[in-house]
Number of protein chains: 2
Amino acid sequence: MAKEKKVEQITDMEQDFAQWYTDICRKAELVEYASVKGFTILRPYGYAIWENMQRILDGEFKKTGHQNVAMPVLIPESLLKKEGELVNGFAPEVAWVTMGGSEQLEERLAFRPTSETMFCDHWSRVLHSYRELPMLYNQWCSVIRWEKTTRPFLRSREFWWQEGHTLHETAEEAQAETEQQLNCYADFYEKVLAIPVVRGRKTEKEKFAGAEATYTVECMMKDHKALQGGTSHYFGDKFSRAYDVTFTGRDNKLQYPFQTSWGATTRMIGAVIMAHGDNNGLVLPPQIAPIQLVVVPVAQHKPGVIEGAQALRDRLAAAGYRVSIDTSDNSMGWKCAQYEMKGVPLRVEMGPRDMENGQCVMVRRDNGEKTFVKLEELEQKAGELLQAVHDGLFEKARINLEEHIYPAFSVEEAKKLQEEHGGFIKTMWCGDLECELAMKEKAGMSSRCIPFQQEHLADTCACCGKPAKTMIYWGVAY
Amino acid sequence: MAKEKKVEQITDMEQDFAQWYTDICRKAELVEYASVKGFTILRPYGYAIWENMQRILDGEFKKTGHQNVAMPVLIPESLLKKEGELVNGFAPEVAWVTMGGSEQLEERLAFRPTSETMFCDHWSRVLHSYRELPMLYNQWCSVIRWEKTTRPFLRSREFWWQEGHTLHETAEEAQAETEQQLNCYADFYEKVLAIPVVRGRKTEKEKFAGAEATYTVECMMKDHKALQGGTSHYFGDKFSRAYDVTFTGRDNKLQYPFQTSWGATTRMIGAVIMAHGDNNGLVLPPQIAPIQLVVVPVAQHKPGVIEGAQALRDRLAAAGYRVSIDTSDNSMGWKCAQYEMKGVPLRVEMGPRDMENGQCVMVRRDNGEKTFVKLEELEQKAGELLQAVHDGLFEKARINLEEHIYPAFSVEEAKKLQEEHGGFIKTMWCGDLECELAMKEKAGMSSRCIPFQQEHLADTCACCGKPAKTMIYWGVAY
């Protein structure tokens, strides 16, 4: 008999949320640290989650006419510098290639921190007529930003993402694109990741370097900290002018096109961990789970049990589910703990008694609920219970979000609420940078967004007492 | 009416094959040059071909149990240097990151030229027991090799590829993996890309830096030059020892695992261009064609024609084909030339007369053959004709390969045959490096491979007259 494998323990989230998070990243075998400081390795299980996210998002992008491309990873410094705000925003975080083989390069090359400049440079050479617009491009790649402190998925020097870059004939079309793609992210979070989001606009201070406007989806983690889920930027014709991208318009005159970009990253995996995980490990929303159901035979030494379990597995696989089976000689306790750690949405148990009764037992990862399932209803019930897991996760996350949004009417009150409860603190705001900086300095919170769904809480700014322009959400963010 | 668009002209391949190749790359909108020397941009149409290649290959890799991962793109110099042969092989072509933000790095970091070192470093930390073997990993990414002269797809400083890296308990298993993956590439070339290949082993001189053995699939282009299509490497336990990768074996003792790697790149797109293209442009094998059929209405101003063509398109799309329609006001001549340039395997024409007769016309890109298709047989005939295009391409490429393999019995004869006919020159070989160098120097040919399918042409080496060990293929290669 094999030696009993130890069930891996993780820190309780109530005790140390940060350590709990790191424990899950490692023990669920999502990532491993690399020997290069600040870089991580996406292991097979972590990458499989990313692949599912990519497949679904990529399908959505293509439905709305976007096409994938691949731009060079290195950007000449002179090209990067053509748009001043962008380079100022990213320069401190750029990794520079200065040598090719044994020769010193004449001009150093930036490892892309983001690719607006490359797209503009390309467009300046291929765009001619309004007939070629819109250009709806996307690429899946990795980028580097030389961060000082790093954490798996949330902040690492290299991360994987998609960056959409589009070019339009009119400002209105570009604005509509920005909105459409923000909604695409919001739907993905809510309908696929089971994480409710707040949609809104970033302040001038928090917007993307070089953008005219940045829109965001913001989520709430289980420790009541905020996480920026995905962003969509409107550039107007600013980059077009800087990079001399022009086209002949319907009026036969040269015009500057209007531009957007939008991105979502592997940090979505971090969001899933912190929105749904528990003290037994990861909890995965079914649509992105590499394994949606795992079949675990009970008393598998009894005759026919393994064969019965394999038949279950085969039926579920044939029905299109991502299903796995564990007939190893590890103990039942170890197996259950292992698949809980890995966040598999449904565990399917079948033992000798179940076989006699023509049934199996499905155990939900999100709440431990057991359901006896008649074998003739196997495929249908699997689908229903996976949907129930998704709905259950979303509902818990929705309550977590809604119960942690607090109105405040002064910086002091905002500070107190944040310290006591965490979450989003909503206040009225005059729109001035000074008040935003004051909230950061005195209450330790950054502005998260100016939600599209506005409420009128008061007439005056919570910070300075001047007339308020908008309601704004503040929070402590990852 | 819109101004008549000019049909783009390309150079004839008989006149200047290299220019013909570049013309197709640009005019079919596959790639564009970037502003960084030696780097290219994969445009939507080129990238869509790559996506189809990726999807099919990735599916094959997964069927045999491989899992995708993502390794860091930067490799510390000290890590890269642990295995001497590898670093000697790649050092002259490495791009080095020496600065992160504004700080000079203590150790320079290589942009990966290939990732054996990263995989070994990772495995040295996560592998414990024989129970965890084999580890069957793959990653899709870009790599940089600082080449002096570059050509789209064939040789560029950055290219896109997959690199498989696997670890096994025994040498036999690793050897079997190397073989399996080589056959995977061979099948992909023949059954998907419609390009016949010669399978064989590389000589010591031509093998991958650090490998014990390199296996290859070699193809023949229309100009009778050779192209290395994909390679699979056996490392023995050489890297395991260099990087201290160990596991506890079945005998409870520490052992070194056996390793393989295998890769195929965007150069496969170059192979498709040069194996199938003609003087009207690209010719795409149906399985990787972004558009498999394009519907072009004839006399589309006549009532009902556009609607009829759209109905055709809808039916073909519903049947799962990648289909497009062109109802633009460009001329029929322009449209035909355009889709020929882009290599669309089947053009579907329908005009008023066809509608009356309940038919359409399908025109094959590979040979211009027209087939009248009854509408009730639309979906079935589309499938048959796409298969016919694949078969037709393969057959032409097979003849091109088989008719350009020439036996030679001296270096002089080999040189003469190469100069007169190109192709593969097959000779007997003693196995000595000196003879390989002589063939290069005197006849301008590199060894392509020692084919698995051996023939006994003579008893002695064509170069030195000593007893021959094997038959070998020589050629001028891309």
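By what turn and what shift along the axis can chain B be laid on chain A? In this predicted model, local features need pLDDT of at least 70 and side-chain atom pairs count only at pLDDT 80 or more, while totals for chains, interfaces and linings use all residues. Residues are numbered from 1 along each chain as its sequence is written, and chains are lettered from A and ligands numbered from 1 in the order in which they are written.

A turn of 180° with a shift of 0.0 Å along the axis lays chain B on chain A with an RMSD of 0.0 Å, the superposition being by least squares on the C-alpha atoms of residues with pLDDT of at least 70 in both copies. The two copies are therefore related as by a two-fold rotation axis. In chain B, the C-alpha of Val97(B) is the nearest to the axis, at 2.1 Å.

Contacts (C-beta atoms, placed from the backbone, within 7 Å) involve 42 residues of chain B and 42 residues of chain A. Of the elements of chain B (DSSP runs numbered from the N terminus; helices H or I, at least four residues; strands E, at least two), β5(B) gives the most to the side touching chain A, with six residues. That side of chain B comprises 26 nonpolar, nine polar and seven charged residues, where Ala, Val, Leu, Ile, Met, Phe, Trp, Tyr, Cys and Pro count as nonpolar, Asp, Glu, Lys and Arg as charged, and the others, Gly among them, as polar.

Strand β5 (residues 95-100) of chain A runs antiparallel to β5(B) and is joined to it by five bridges; pairing requires at least two DSSP bridges between two strands. Trp96(A) has Met99(B) as its bridge partner in β5(B).

Conventions:
Contact = placed C-beta atoms within 7 Å.
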